[in-house]
Amino acid sequence: MELLHGLLNRVSIQRLESPGPTETQVEVMLQAALRAPDHGNLKPWRSVMVTGEGLTKLGGLLQKAQLERDPDSDPQTLERCIKMPHRAPSILVLIASPTPHPKVPRAEQIQATAAAGCAMLLAAFAQNIGAVWRTGWVVSHPTITQAFDLKESEEMIAMIYMGMPSVTPRPAPVLSSQEFIKHWH
Ligand SMILES: Cc1cc2nc3c(=O)[nH]c(=O)nc-3n(C[C@H](O)[C@H](O)[C@H](O)COP(=O)(O)O)c2cc1C
């Protein structure tokens, strides 16, 4: 796939089904992420792939976390939490892991992680893998961050849901760029 084609046409796919990406496809995504712009070449991130029983375990933890947020959560909300991870066969949890650096501030290391996440999405799209970047309250809830062994300094940046698109991907919208650029002469 032409690079520009992917850049201009990638869309998120919310409805995903099995199979998830193969090991080879995930490796391509990781290699793409490792080519993302990265001040100081620190590779300030790590990732965890959640599949199979891991999705069920994560669903249980989401329900526990939801009850901690609101002990009066209604049964539908709790049921939704259990089902949430099963919206895809594979979830890649992307964690920024910044370290103190004399020239590369923490913010830039978080930005480098986001750039890596974006590269992963594009590499998924290029391999016809449906993917969507999700966050929400779950990525900062202690029950979830502890389950993924996040250190104090780390941040969960994305849960990238992946699988086969179960709907025809919508075409990418075409937007006018004019309000996003000013020119200095
Ligand atoms: C940092 C970040 C967090 C996001 N969190 C969510 C989320 O929690 N739920 C969601 O549906 N979309 C989330 N999105 C947006 C989608 O991944 C997606 O980009 C958006 O719906 C636009 O669709 P498109 O990628 O097809 O243009 C997030 C995107 C980013 C960059």
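Begin by selecting Arg134 and Tyr161 in this predicted model, where the charged end of Arg134 sits over the ring of Tyr161, at 5.1 Å from the centre of that ring. Then select Arg69 together with Trp137, and you will find the charged end of Arg69 placed over the ring of Trp137, with 4.1 Å to the ring centre. If you go on to look for aromatic pairs, a search of the whole structure finds zero of them.

Return to Arg134 and show the ligand, since Arg134 is one of the residues that surround the ligand, along with Arg10, Val11, Ser12, Gln14, Val132, Trp133, Thr135, Gly136 and Arg170. Coloured by residue class, this shell divides into three nonpolar, four polar and three charged residues.

Which residues of the shell should be examined for contacts with oxygen atoms of the ligand? Select Arg10, where a polar side-chain atom lies 2.9 Å from an oxygen atom of the ligand, and then Trp133, where it is a polar backbone atom that is 2.7 Å from a ligand oxygen. For a nitrogen atom of the ligand, turn to Thr135, which has a polar side-chain atom 2.8 Å away from such an atom. On its own the ligand has 620 Å² of accessible area, and the protein covers 53% of that area.

Leave the ligand now and look for enclosed space, of which the structure holds one cavity of 30 Å³ or more; the volume of the largest cavity is about 30 Å³. To display its lining, select Ala33, Leu34, Ala36, Pro37 and Asp38, then add Lys43, Pro44 and Trp45, and finally Ala112 and Ala116. By class, the lining of the largest cavity comprises eight nonpolar residues, no polar ones and two charged ones.

Definitions and conventions:
Residues numbered from 1 in each chain as written. Predicted model: local features only at pLDDT ≥ 70, side-chain atom pairs only at ≥ 80, totals over all residues. Heavy atoms only, no water. 1 Å grid on protein atoms, 1.4 Å probe; cavity = no way out; pocket = protein on both sides within 12 Å on 5 of 7 lines; lining within 4 Å. Points joined across faces, edges and corners; volume = space filled by probe spheres on them. Nonpolar A, V, L, I, M, F, W, Y, C, P; charged D, E, K, R; others polar. Near = heavy atom within 4 Å. Polar contact = N/O pair within 3.5 Å; in protein donor to acceptor, adjacent residues only side chain to side chain. Areas by Shrake-Rupley, 256 points an atom, 1.4 Å probe, with all protein chains shown as cover. Phe/Tyr/Trp six-rings, centres within 6.5 Å; stacked < 30°, edge-to-face > 60°. Lys NZ or Arg CZ within 6 Å of the ring centre and 35° of its normal.
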